[in-house]
Amino acid sequence: MNICVFLSAADLDDRYTRPARDFARLLGKGGHTLVWGGSDVGLMKVVADGVEEAGGRLLGVSVEFLAAKARPGVDQMVVAKDLAERKRLLLEKADAVVIMVGGTGTLDEATEILELKKHGHTDKPVVLLNTAGFYDGLKEQFRRMEDEGFLPRPLAELVFFAEEPVGALAYLEESLGVE
C-alpha cells in the first residue's frame, strides 16, 4: 500500500516520536510505501527513518518553498509549486491516509481528505492516530458535528480513530484487503 501520512515537521518529545517510530517500522516491515511531505526534519524525519530502516519505500511530495528541507536519497521525490498542489499530489499517490500529530498544516490536510470523503470524491480509508490523546478534543468536535446533523454520512464512514500504531495499520490493511 501507498500510505500517506500527514504529520508535523516539528521536533517533538518522546510521547509523540515513539509511537510515530513504531508506526513507521510497522509500515516498513509490511512492505508498504510512505507517502509524506518529503521533509527531512522533525517528526517527518523520524517517520521516514523508521520506514526506511524497516525496508519500506519513501515517496516524498515537497513544495518549492520547502525544497531545501527535502530528504535526499528517497525512492521518489516530487516538488509541487504550492501547498494546494502538494495536497492534491499526496492524496493522488496514496491508497490510504493516516493523520498523526501536527499543527495547522496537518489539520488543513486532515479536513480536506475528510471533506472529499464526505462528498463521495474518495473512498480511501482514513485513520486519525490519536497519540497521547492529542486529538481527543477534535474527536469530540467531530462527534458533536455528527450528533447535531452537520455530517451527511456517519463519522465512522469518514474516519477511524486509532489509539495505537498497530490498530491504525491493521484497520488500513483490513479496509484494503491487504494480508
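In which helix is the place of R143? The place of R143 is in helix α5, and that is a handy spot to begin a walk through this predicted model. R143 counts as partly exposed, because its relative accessibility is 44%. To get a feel for the span of the fold, pick out V46 as well: R143 and V46 are 97 residues apart along the chain, and 31 Å separates their C-alpha atoms.

V46 leads us to the first pair of helices. Two packed helices are described by the angle between their axes and the distance between those axes. For α1 and α2, the latter made of residues 42–53, the angle is about 35° and the axes are 7 Å apart. Their crossing is right-handed. If you would like to select the contact in your viewer, take Y16, T17, A20, R21, A24, R25, L27 and G28 from α1, and L43, V46, V47, G50 and V51 from α2. Sorted by class, this contact of α1 with α2 holds eight nonpolar, three polar and two charged residues.

Helix α1 has another partner, α7. Here the axes come within 9 Å and cross at roughly 35°, and this crossing is right-handed too. On the α1 side the contact uses P19, D22, F23, L26 and L27, which meet P165, V166, A168 and L169 of α7. The class count for α1 with α7 is eight nonpolar residues, no polar ones and one charged. Notice that L27 appears in the contact with α2 and also in the contact with α7.

L27 also takes us to a loop residue. Is H32 buried or exposed? H32 sits in the loop between α1 (14–29) and β2 (33–36), and it counts as buried because its relative accessibility is 2%, with the cut-off for buried at under 20%. Leaving aside residues up to four places away in sequence, H32 touches M1, I3, L27, G56, R57, L169, E173 and V178. Two of these names are familiar from the pairing of α1 and α7, where L27 in α1 and L169 in α7 take part.

From there, move on to strand β1, which covers residues 2–6 and includes F6. F6 is buried, since its relative accessible area is 1%. Its C-alpha atom is 11 Å from that of V47, a residue 41 places away along the chain. Again not counting residues up to four places away in sequence, F6 touches L90, L91, V97, V98, I99, M100, T106, E109, A110 and I113.

Several of those neighbours belong to the next helix pair, α3 (residues 83–92) and α4 (residues 104–118). The axes of α3 and α4 come within 11 Å and cross at roughly 60°, which makes α3 oblique to α4. The crossing is right-handed. From α3, the residues K87, L90 and L91 meet D108, E109, E112, I113 and L116 of α4. These contact residues divide into four nonpolar, no polar and four charged. L90, L91, E109 and I113 take part in this contact, and F6 touches each of them.

Helix α3 deserves a little more attention. Its buried residues are E85, R86, K87, L89, L90 and L91. The N-terminal end of α3 is capped by D82, with a side-chain oxygen 3.3 Å from the backbone nitrogen of A84.

Finally, let us look at two exposed residues. A132 lies in the loop between β6 (126–129) and α5 (136–147). Its phi is near 55°, a positive value in a residue other than glycine. A132 counts as exposed because its relative accessibility is 54%, and the cut-off for exposed is over 50%. G177, in turn, is found in the segment after α7 (165–175), and it is exposed with a relative accessible area of 60%. How far apart in space are G177 and E148? They are 33 Å apart, C-alpha to C-alpha, with their positions 29 residues apart in sequence.

Technical notes:
Residues are numbered from 1 along each chain as its sequence is written. This is a predicted model: local features need pLDDT of at least 70, side-chain atom pairs count only at pLDDT 80 or more; totals for chains, interfaces and linings use all residues. Side-chain values use heavy atoms; hydrogens and water are left out. Axes are lines fitted to C-alpha atoms, for helices over the stretch in contact, and angles run from 0 to 180 degrees between N-to-C directions. Helices (H or I, at least four residues) and strands (E, at least two) are DSSP runs, numbered from the N terminus. Angles under 35 degrees count as roughly parallel, over 145 as roughly antiparallel, 65 to 115 as roughly perpendicular and the rest as oblique. A crossing is left-handed if the near helix is turned anticlockwise from the far one by less than a right angle, and right-handed if clockwise. Contact means heavy atoms within 4.5 Å. Ala, Val, Leu, Ile, Met, Phe, Trp, Tyr, Cys and Pro count as nonpolar, Asp, Glu, Lys and Arg as charged, and the others, Gly among them, as polar. Buried means under 20% relative accessible area, exposed over 50%, partly exposed in between (1.4 Å probe, protein chains only). A polar contact is a pair of N or O atoms within 3.5 Å; within protein, one must be able to donate a hydrogen and the other to accept it, and residues adjacent in sequence count only if both atoms are side-chain atoms.
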